[in-house]
Structure formats: structure tokens, C-alpha cells
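Me: I have a new structure open and don't know my way around yet. Can you walk me through it?
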Amino acid sequence: MTPPRPSSPDTPLRIRRLRLREWSAFVELWGATFPDDDVQLTGWYLRHHCRDICLLGSGKRLLGFVVLYMPHHDPAVAWVEYIGVHPSHRRRGLGVRLLDDVERRAARSGCTRVELAAKAGNAGASHVYQC
């Protein structure tokens, strides 16, 4: 995957829901973000189990994503299943921006809390999850 061009401070970034026509670009971003994952297996899981996939980008450039799951059995909680930012755009606050958006989306859906699970030893992302 060719890394997205760096965004300038003037480039407006939007967070929006994934559209079906963007699936292949999302899978490409996923592969760049999580190179050790089985993209096909992950894609199957996402298509069958997730509730919401939001993308962070500018125009057609996708820079990050968050996968949100809101279980029917506990409507008060929203789970962040996955969050990722393209390696060339990390450490710029984009992960925090995605999590802030998740909190707003969850609250609008009636959730009172957001939970996430992280892999042990994921020091590169742990700063994003700190309150």
C-alpha cells in the first residue's frame, strides 16, 4: 500500500461511517495498520459481527478507523473492537480524535460507557487509552 500523503494543517479531516464502496480501501488500510493480521479472516469477522466502522480521512485518503460494537444484550455499553491509524500518520492525535468521536456516537445511541480491550504489551497505543 502506498502511504497516504501527509496531511497539512489546513487539510480538513472528517470522521464518517464506512460506505460499502470503500471496503477495499478500508481492508488496505487495515493491512497497513495491522500487518500481522489475517486480513481475510478479520474482514469476515467485521462484516458479520461489528455494528459500526468509522473512518478518519480527507477526501478519498483514509488515515484511520475505529470499529465499534454495541451489544444488544447490554445497550448501556459500547465496545471499541479495533482502532487503527496508518503508520505514517501516528503520534498526531488521530487516535484520540477517533476515540472522542466514538464517545459522542455512543452517547447519542444511549450508551453510558465505552469499553475497550488492548493487547498486553501494546506500548505504542497505550498512551491513547489513558484517561
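Reply: Sure. This is a predicted model. Of the contacts in the chain with a separation of 6 or more, 64% are between residues 24 or more positions apart.

Me: How many helices and strands are there in the chain?
Reply: The chain has 4 helices and 5 strands. Read from the N terminus, the order is β-α-α-β-β-β-α-β-α.

Me: What percentage of the residues is buried?
Reply: Of the 131 residues in the chain, 39% are buried.

Me: And the accessible surface, how much is there?
Reply: About 8100 Å² for the chain, with carbon and sulfur atoms accounting for 53% of that.

Me: OK, inside now. Which residues have the most contacts inside the largest nonpolar core?
Reply: Val66, Val80 and Leu98. That core has 18 residues.

Me: Which elements each supply at least two residues of it?
Reply: Three strands and a helix: β2 (52-58), β3 (61-69), β4 (77-85) and α3 (94-108). The largest share is from α3, which gives 5 residues.

Me: Is there a general reason for nonpolar residues to gather like that, and what is it? Why would they be buried together?
Reply: In soluble globular proteins, nonpolar side chains tend to be buried together.

Me: Back to Val66. What is it in contact with, leaving aside neighbours within four places in sequence?
Reply: Val66 is in contact with Asp52, Ile53 and Cys54, then with Val80, Tyr82 and Ile83, and also with Leu98 and Val102. Apart from the core of Val66 lies another one, of 10 residues, including Leu29, Leu46, Leu55 and Val67.

Me: Different topic. How many aromatic pairs does a search of the whole structure find?
Reply: It finds 8 aromatic pairs. One to look at is Trp30 with Tyr82, where the ring centres are 4.7 Å apart.

Me: Why is that pair edge-to-face?
Reply: Because the planes of the two rings are at 70°, and over 60 degrees counts as edge-to-face.

Me: Where do the two residues lie?
Reply: Trp30 is in helix α1 (residues 23-33) and Tyr82 is in strand β4, so the pair ties together parts 52 residues apart in sequence.

Me: Trp30 first: buried or exposed?
Reply: Trp30 is buried, at a relative accessible area of 2%. Tyr82 counts as partly exposed, because its relative accessibility is 26% and buried means under 20%.

Me: Which residues form the aromatic cluster with those two?
Reply: Trp23, Phe26, Phe34 and Phe65 form one aromatic cluster together with Trp30 and Tyr82.

How values were computed
Residues are numbered from 1 along each chain as its sequence is written. This is a predicted model: local features need pLDDT of at least 70, side-chain atom pairs count only at pLDDT 80 or more; totals for chains, interfaces and linings use all residues. Side-chain values use heavy atoms; hydrogens and water are left out. Buried means under 20% relative accessible area, exposed over 50%, partly exposed in between (1.4 Å probe, protein chains only). Contact means heavy atoms within 4.5 Å. Accessible areas come from the Shrake-Rupley method with a 1.4 Å probe; for residues, only the protein chains shown count as cover. A nonpolar core is a set of buried Ala, Val, Leu, Ile, Met, Phe, Trp, Tyr and Cys residues joined through side-chain atoms within 4.5 Å. Rings of Phe, Tyr and Trp (its six-membered ring) pair if their centres lie within 6.5 Å; planes under 30 degrees apart count as stacked, over 60 as edge-to-face and the rest as tilted.
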